[in-house]
Amino acid sequence: HVPDPIMINVDDYETSKGEPRSSNWYLLDKHARESLLEEHTNASPKEIVAAIKTVRKERAQRLKTAVNLNMQKAEERAEGAKRRAQRMFNKSLSDGALEAKL
């Protein structure tokens, strides 16, 4: 049996729905979260702890990768500037050597 749909005017809904909830409203404390996991997934406490450790390790690796990507851009710019400076320096030396030969 499928219940009949509830029909409501959009304007009435918008005025009666209340304020949006903050993101903190959705957070659960550690005990409640672990209880839900144990109840609905049949996971043991050891499995939950292992999964938490894995997630933390992967999150740290993602942050490290993001930092390294930002540093990589800066390093590439520095290397490019170094190559340009070397070319200019080498070119000025070779121009001076040519002038000395003339």
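Helices here are DSSP runs of at least four residues, numbered from the N terminus, and the legends below use these numbers for the close-up views of a predicted model.

**View 1. The whole protein is a chain of helices without strands.** This predicted model holds three helices and zero strands, and the elements, read from the N terminus on, follow the order α-α-α. The protein has 102 residues, of which 3% count as buried. Its accessible surface comes to about 10,100 Å², and carbon and sulfur atoms account for 57% of that area.

**View 2. A patch of positive charge on the surface draws on α2 and α3.** The residues that gather in this patch are Lys-30, Arg-33, Arg-56, Arg-59 and Arg-62. Helix α2, which spans 30–41, and helix α3, which spans 45–101, each supply at least two residues of the patch, and α3 gives the most to it, with three residues. One of the patch residues, Arg-59, has its place in helix α3. With a relative accessible area of 44%, Arg-59 is partly exposed, because that value falls between the 20% that bounds the buried class and the 50% that bounds the exposed one.

**View 3. Trp-25 and Tyr-26 form an aromatic pair.** A search of the whole structure finds one aromatic pair, and the partners are Trp-25 and Tyr-26, whose rings lie 5.0 Å apart from centre to centre. The planes of the two rings make an angle of 85 degrees, and the pair is edge-to-face. Trp-25 is exposed, and Tyr-26 is exposed as well.

**View 4. Asn-42 lies in the loop between α2 and α3.** The backbone angle phi of Asn-42 is near 60 degrees, which is a positive value in a residue other than glycine. Asn-42 counts as exposed at 68% relative accessibility, because the exposed class takes in residues over 50%. The two helices on either side of this loop are also those named for the positive patch, to which α2 and α3 each supply at least two residues.

**View 5. Lys-17 and Glu-14 form a salt bridge.** Side chains of opposite charge can pair when their charged atoms come close. In this model the count comes to one salt bridge, in which Lys-17 pairs with Glu-14 and the closest N and O atoms are 3.2 Å apart. This pair qualifies because the distance between its closest N and O atoms, 3.2 Å, falls within the 4 Å allowed for a salt bridge. Lys-17 is partly exposed, with a relative accessible area of 46%, and Glu-14 is partly exposed too, with a relative accessible area of 43%.

Note on methods: Residues numbered from 1 in each chain as written. Predicted model: local features only at pLDDT ≥ 70, side-chain atom pairs only at ≥ 80, totals over all residues. Heavy atoms only, no water. Buried < 20%, exposed > 50% of the residue type's maximum accessible area, 1.4 Å probe, protein only. Areas by Shrake-Rupley, 256 points an atom, 1.4 Å probe, with all protein chains shown as cover. Patch = residues over 30% accessible without salt bridge, like charges linked within 9 Å, V, L, I, M, F, W, Y side chains within 5 Å. Salt bridge = Lys/Arg side-chain N within 4 Å of Asp/Glu carboxyl O. Lys, Arg positive; Asp, Glu negative; His and termini not counted. Charge placed at Lys NZ, Arg CZ, Asp CG, Glu CD. Phe/Tyr/Trp six-rings, centres within 6.5 Å; stacked < 30°, edge-to-face > 60°.
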